[in-house]
Amino acid sequence: MAESVLVLGGSGEAGKHLVKILRAAGVEALAAGRNPARADRVIDLSDPSSLSTGLDGVSVVVNCSGIEDPAVAAAAATRGIAFTDIASDYDYFQQLEQVEGPILLCAGIAPGLTTLLAAEAAQGGGPVDVVIGFGAGELGGPASAEFFNGLSRKRFTDPDGSQVRNYTRPKLFKLPAQAGYPLFPSLRTDFGDQNQLTVDLGVPVRSYLRLDSRLATVKLAALTLMPRLAAILPDMPGGAVWVIAAHGGAGQCHWAASYGLYRATAVLAAEVVKRLLDNPVESPTWIHDWIKLDDLREPLEAAGVEFGTRL
């Protein structure tokens, strides 16, 4: 029987691209969701019986729904079905690490590609500062707003042991000219891989976030420091170019940039899925312990992602 891939949130921005890419590669991909008109399998993630039935005949599950529930991963993993997620929350990743079975952590752009770029940058020593730039024009949906607003209410632990509020501690970084971003500070932000990489790589790893619009980046800072001001600041139109630059301690930088965050996320996730079908993990595994950047460079470049080491 042919191997099938179930894409949770298969009609969402990243999920619909992933389904299309997998099918074009000859992989049977099933879009899962609550709307029968748009789903190959109708699944309500709040209904355990619905999820259980939806897993029949599936070899890999990719969660693009934005719902971070370890019970969903456990439902697949306990049946020996590989599970991966494009999510970014470290608390969620820690919960996934406790699930018994084939779980691959970090299958998106941030974390995911950020993880692999940081691992390359750390080869020259640390600390490693990972700058993530998103195009504000792609982040206008309710899911994006919920994600960014949720981060504004959280703190996380810096490698030096201090507590950091999201969207604070601005720092100026040079980014590749190909991204076309105006010079502007980036803000400390908790992406899940920085915590694990600090332990695994043995050097401090810190992640920063900015948007391609200066005003949109200011609004991120206001979400944390002046939420009432953030509520009245206008949304600044932006583009759809994303960029990641991992600055290593020896002055080297490994970067990637492209147009279209959701499509690039799907391209990377599709490569992860194809490799999971051929080389499944047996227990919770971080992506940088399973694959290297060079393994993904060719298919990402073919999809329009540009890589570099010079700024």
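Here is a short conversation about the sheet, salt bridges and nonpolar cores of a predicted model.

Student: Before we start, what does a local feature need in this predicted model?

Tutor: Residues are numbered from 1 along each chain as its sequence is written, and side-chain values use heavy atoms, with hydrogens and water left out. In this predicted model side-chain atom pairs count only at pLDDT 80 or more, totals for chains, interfaces and linings use all residues, and local features need pLDDT of at least 70.

Student: Thanks! In what order do the strands of the open sheet stand?

Tutor: Strands here are DSSP runs of E of at least two residues, helices are runs of H or I of at least four, and both are numbered from the N terminus. Two strands pair if DSSP finds at least two bridges between them. The open sheet has 7 strands with mixed pairing, in the order β10-β11-β12-β7-β13-β14-β16.

Student: Which strands have one side left without a neighbour in the sheet, and why?

Tutor: A strand with a single partner has one side left without a neighbour in the sheet, so look to the edges. The strands standing there are β10 (168-171) and β16 (306-308).

Student: Which residue of β14 stands opposite I244?

Tutor: Strand β13 (residues 241-247) and strand β14 (residues 253-259) run antiparallel and are joined by 7 bridges. Opposite I244, in β14, stands A256.

Student: At what angle does helix α8 run to β12?

Tutor: Axes are lines fitted to C-alpha atoms, for helices over the stretch in contact, with angles from 0 to 180 degrees between N-to-C directions. Contact means heavy atoms within 4.5 Å. Helix α8 (residues 214-225) lies across β10, β11 (186-188) and β12 (205-211), and its angle to β12 is about 115 degrees.

Student: Which residue meets the side chain of K16 in a salt bridge?

Tutor: A salt bridge is a side-chain nitrogen of Lys or Arg within 4 Å of a carboxyl oxygen of Asp or Glu. K16 sits in helix α1 (residues 13-24), and its partner is 3 residues apart from it in that helix, about one helical turn. With 3.9 Å from N to O, that partner is E13.

Student: Are D158 and R206 buried or exposed?

Tutor: Buried means under 20% relative accessible area, exposed over 50%, and partly exposed in between (1.4 Å probe, protein chains only). D158 forms a salt bridge with R206, with the closest N and O atoms 2.9 Å apart. D158 lies in the loop between β8 (155-157) and β9 (163-165) and R206 in strand β12, so the pair ties together parts 48 residues apart in sequence. Both residues, D158 and R206, are buried.

Student: Which residue is linked with D158 and R206 in a network of salt bridges?

Tutor: The structure holds 10 salt bridges. In the network, D158 and R206 are linked with R188.

Student: Which of K274 and E271 counts as buried?

Tutor: K274 and E271 form a salt bridge, their closest N and O atoms being 2.9 Å apart. K274 counts as partly exposed at 25% relative accessibility. At 11%, the buried residue is E271.

Student: Which element gives the largest share of the largest nonpolar core?

Tutor: A nonpolar core is a set of buried Ala, Val, Leu, Ile, Met, Phe, Trp, Tyr and Cys residues joined through side-chain atoms within 4.5 Å. The largest one has 93 residues, of which L113, F134 and W242 touch the most other members. Its largest share, 12 residues, comes from α10.
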